[in-house]
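Work through the exercises below with the model open. Each task is followed by a stepwise solution.

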Amino acid sequence: MAEIIVPELAESITEGTIAQWVKKPGDKVEKGEFIVELETDKVNAEIISEEAGILKEILAEEGDTVLVGAVIAIVEAGDAAATPAPTPAVEEAAPAPVVEAPKAAPAPVVVEESSSTERVIASPAARKLAREKGIDLASVSPVDPQGRVRVQDVAAHGTAPAAPAAKPAEAPKAATPAVDESRVTVEKMSRRRQTIATRLLDVKQSTAMLTTFNEIDMTNVMALRSRKKDQFQEKHDGTRLGFMSFFTKAVVAALKKYPYVNAQIVGNEIHLNNFYDVGVAVSTDDGLVVPVVRDCDRKNFAEIEDAIGGLAKKARDKKLQIADLQGGSFTITNGGVFGSLMSTPIMNGTQAAILGMHTIQKRPIAVGDEVQIRPMMYVALSYDHRIIDGKDSVGFLKTVKELLENPEDLLLES
């Protein structure tokens, strides 16, 4: 018999949500076969079976939160693994203890050994809350007639008897009439969406974020791209020349000139990064993810385009690995692909700044003493004012602008 255990995925990930069971109890399982999809804060992970046999039991349902190291299923070795269970049940149907045995089967994943040595059936969320509050699960009185302790039981434990009875009763009554199902569709937030929301709020609340703007005349870079795109694609085995490689190269050059934009605060220290790993925000059905293009200072235009295209495809196919999302020193986000004219992007994690690109729009501008129609793009730099002064932020954005308006200079910077 083999246990299916939630594996360690990364140091920062301690739990996940069961997104989908690919197999159901009684199904045959091959060694190494993908049987359940786990949704974490960052990526979706496919958990495999380490042993061939029959999936005997599922111990965590879809939507349940499970901790790293928790047992979520049992696989019995051999094709006949599912058949022995009915035999003893028929032979020993009369004794009461045998009737109770199947109900205790979930013990490997949801049973806690309490201080009183009793075995307690509890949901993963209840176990987590009990640990956080220092509550002995054996002392919790479950509402479930089968004796399973749920998170509501742990939350109510130790409070006055009258108060918990009133609060749970009143909350549903107040919530039910407030939601008119003919007018409102209620949708549960995914784990990733909840994580994105939490981290964005953390950044807003823990940094002195400020945004500065500039505009770029895209005439020259668009002309260069138009002249070179066919030759570029032929030379680099079908890789297309996009704007992201120009912006990435310009950003790297500007980061070298203004190193505090490529820094982060760690405690009471400022860590100046001597590497240029640029995160590129990618929108997916599950929310925004920011895979990282490594060593952009060492990559040419084609290598950057290949890396961005490959990471974007992995993100849309839900194939990103934890390593793809870690360690970025700066981020670029392009709201222009959706038509955004201007925005104030929020910084990513502990990084000090983020560059926002926007849609290219033809506008009348002054060129010398003449008014001309030019393709213009607003760009925004959101930055942590604790590290970056206004002089550096404006200088950084001006450098990016100048390099993109004179794209041949980017070749000298490469």
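A salt bridge is a side-chain nitrogen of Lys or Arg within 4 Å of a carboxyl oxygen of Asp or Glu. This is a predicted model: local features need pLDDT of at least 70, side-chain atom pairs count only at pLDDT 80 or more, and totals for chains, interfaces and linings use all residues. Residues are numbered from 1 along each chain as its sequence is written, and side-chain values use heavy atoms, with hydrogens and water left out.

**Exercise 1.** Find the salt-bridge partner of glutamate 33 and describe the burial of both residues.

Step 1. Glutamate 33 pairs with lysine 23; their closest N and O atoms are 3.0 Å apart.
Step 2. Place the partners. Glutamate 33 sits in the loop between strand E3 (28-29) and strand E4 (34-39). Lysine 23 sits in the loop between strand E2 (15-21) and E3, and the two residues are 10 apart. Helices (H or I, at least four residues) and strands (E, at least two) are DSSP runs, numbered from the N terminus.
Step 3. Apply the burial classes: buried means under 20% relative accessible area, exposed over 50%, partly exposed in between (1.4 Å probe, protein chains only). Glutamate 33 has 24% relative accessibility, so it is partly exposed. Lysine 23 has 17%, so it is buried.

**Exercise 2.** Locate the salt bridge of aspartate 324 and explain why it ties separate parts together.

Step 1. The partner is lysine 314, with the closest N and O atoms 2.8 Å apart.
Step 2. Aspartate 324 lies in helix H11 (residues 322-325) and lysine 314 in helix H10, so the pair ties together parts 10 residues apart in sequence.
Step 3. Aspartate 324 is buried, at 14% relative accessibility. Lysine 314 is partly exposed, at 29%.
Step 4. A search of the whole structure gives 10 salt bridges.

**Exercise 3.** Describe how helix H9 packs against helix H12.

Step 1. H9 (residues 243-257) and H12 (residues 390-405) pack at about 135°, with axes 9 Å apart. Axes are lines fitted to C-alpha atoms, for helices over the stretch in contact, and angles run from 0 to 180 degrees between N-to-C directions.
Step 2. Classify the angle. Under 35 degrees is roughly parallel, over 145 roughly antiparallel, 65 to 115 roughly perpendicular, and the rest oblique. H9 and H12 are therefore oblique to each other.
Step 3. List the contacts (heavy atoms within 4.5 Å). Among them are Phe246, Phe247 and Ala250 of H9, and Phe396, Thr399 and Val400 of H12.
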